[in-house]
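Here are some exercises on a ligand and the empty space around it. Grab your viewer and try each one before you read the solution.

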Amino acid sequence: MEKLPKALQRIDDELWLTEDERDNLKISYRVKKVLFEEQSPYQHVMVLDTYDFGPMLVLDGVVQTTSIDGHIYNEMISHVPLSMHPNPRDVLIIGGGDCGVAREVCKYDSVRRIDMVEIDELVVKASLLHMPEVSGNLSDPRVNYIFRDGLQFAKEASGEYDVIIVDSSDPVGPAEHLFDLEFYRDLHRALKEDGLLACQSQSPIFHQDVMVRSWDRIGTLFTHRKLYTAVVPTYPGGMWSFTIGSKRPLPDPADVRFDKDTRYCNGDVLRSCFALPAFLKEILDKA
Ligand code: SAM
C-alpha cells in the first residue's frame, strides 16, 4: 500500500496536494513528483514538482513559495523596505529559509552583512537543492546562515541592524510567536536608531485578525508605520499584506528611486503598493 505524506492524495491515479486552508476553503494542486520529503525537528518539509507552479516548497502541508510566483513575495518584502532606507548596510532576515529574500537583499551594494536566522536548516538545504528559481543557489559571502530560533536571537541583538525583514511562515508551529508584541519589541531594540522593520502580515481577506494585531503592535513601538499589499497567486485569496515600522519618518514612495533588476517590483509598483482599497483603509482606521 503506497504511503503518501500528509496533505498528498492520489485521486484517479493522479497525485494532488490539498492545502487545508480553512473549514470552508481547500486549495488543491496537481503534483508531477515529490522531489524532497522529510520530517525535521520543527516541521514536515516537502518540495513538490507541480504542473502549474513548478517546484513548490510546502511546510506542514502549507505552501510557502513556488518557482512561478515566489519572486513576487520575495521582491516586495525586501525591495520596499530596503529602497526606503537611505543606506542599508546591516540586514537581519528572520526565517526566509527558501533563500529568496536573501537573494534580493544581495542586489544592494551598500549591504555589507546579511544575517539570515532560520530555525530549520533542512528548509535551506531542500531549497538550495530543488528550488534554484527561488533560492538562486545563493552563495554570496555576505550571507551568514544562522540556524537558530529567531525569537531567541532577537532577544540578544541590540542597535545592530538598519533593516530587519521577518519572512516567517503563518503564525503556527515554530512561527507561532513571530507576530507577538514581545518579539516586535525585541526587533525594535535590535534596530539602529534610524532602522526599519518589514514583516509579512498575512491575508487582508482571510487573516484580518493577524494583520490588525501586527499593525497595532508595530504602531505601539514605532513612530512611523505603513501597510502595503501585493498579489501572490498561491497564497489564500491572492492578496497579501506587509507591514513596515520605522524609527524615523518614511520617505514618500513617489520620491524613492528604484533601479534594481527585478521581475515584479519597479518604481510604479513601489508607489502603488501603498495605495490601499477602501475596505482595508477602514479596517486600519478602526484598529
Ligand atoms: N513566504 C512564506 C510565507 O509567507 O508563508 C514564508 C517563507 S519562509 C520558507 C518561512 C520560514 O520561516 C521557514 O523556513 C520556517 O522554517 C521559518 N521559521 C518559522 N519559525 C521560525 C522561527 N521561530 N525562527 C526562525 N525561522 C522560523
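The exercises below go from the ligand to the cavity and then to the pockets, and the model is a predicted one.

**Exercise 1. Find which residues come nearest to the ligand, and sort the shell around the ligand by class.**

Step 1: select the shell. There are 25 residues around the ligand, and those that come nearest are Q43, E118, D149, G150 and Y235.

Step 2: sort the shell. You should get 10 nonpolar, nine polar and six charged residues. Gly goes into the polar bin here, in case your tally is off.

**Exercise 2. Work out which polar atoms of Q43, Q64 and G150 the ligand pairs up with.**

Step 1: set the cut-off. A pair of N or O atoms counts when the two are within 3.5 Å.

Step 2: go through the side chains. Q43 has a side-chain N or O atom 2.9 Å from an oxygen atom of the ligand. For Q64, a polar side-chain atom sits 3.2 Å from a ligand oxygen.

Step 3: check the backbone too. At G150, a backbone N or O atom is 2.9 Å from a nitrogen atom of the ligand.

Step 4: look at the cover. On its own the ligand would expose 600 Å², and the protein buries 99% of that.

**Exercise 3. Say where the ligand sits, and describe the lining of the largest cavity.**

Step 1: count cavities. With a threshold of 30 Å³ or more, the count is one.

Step 2: size it up. The largest cavity holds about 420 Å³ of space. It has 35 lining residues, with L59, Q64, D167, S168 and S169 closest to its centre.

Step 3: place the ligand. The ligand sits in this largest cavity.

Step 4: ask which elements build the wall. At least two lining residues each come from β2 (14–22), β5 (54–59), β6 (62–66), α1 (70–84) and β7 (90–95). The largest share is that of β6, with four residues.

Step 5: split the lining by class. The result is 15 nonpolar, 12 polar and eight charged residues.

**Exercise 4. Describe the largest pocket: what is its volume, and which element gives the most to its lining?**

Step 1: get the volume, which is about 480 Å³. The lining has 23 residues, and L59, D60, G61, V62 and V172 are the closest to the centre of the pocket.

Step 2: map the lining onto elements. β2 and β6 are the ones giving two or more residues, and β2 gives the most, with five.

Step 3: bin the residues. Here you have six nonpolar, 10 polar and seven charged.

**Exercise 5. Do the same for the second largest pocket: how many residues line it, and how do they divide by class?**

Step 1: the volume comes to about 270 Å³.

Step 2: the lining has 15 residues, and L82, S83, H85, P86 and Y108 lie nearest the centre.

Step 3: by class, that lining has seven nonpolar, four polar and four charged residues.

Key: Residues are numbered from 1 along each chain as its sequence is written. This is a predicted model: local features need pLDDT of at least 70, side-chain atom pairs count only at pLDDT 80 or more; totals for chains, interfaces and linings use all residues. Side-chain values use heavy atoms; hydrogens and water are left out. A residue is near a molecule or strand if one of its heavy atoms lies within 4 Å of it. A polar contact is a pair of N or O atoms within 3.5 Å; within protein, one must be able to donate a hydrogen and the other to accept it, and residues adjacent in sequence count only if both atoms are side-chain atoms. Accessible areas come from the Shrake-Rupley method with a 1.4 Å probe; for residues, only the protein chains shown count as cover. On a 1 Å grid over the protein atoms alone, a cavity is a set of points where a 1.4 Å probe fits but cannot get out, and a pocket is an open set with protein on both sides within 12 Å along at least five of seven lines; lining residues have an atom within 4 Å of a point. A molecule sits in a cavity or pocket if more than half of its atoms lie within 2 Å of its grid points. Grid points are joined across faces, edges and corners, and a volume is the space filled by probe spheres set on the points.
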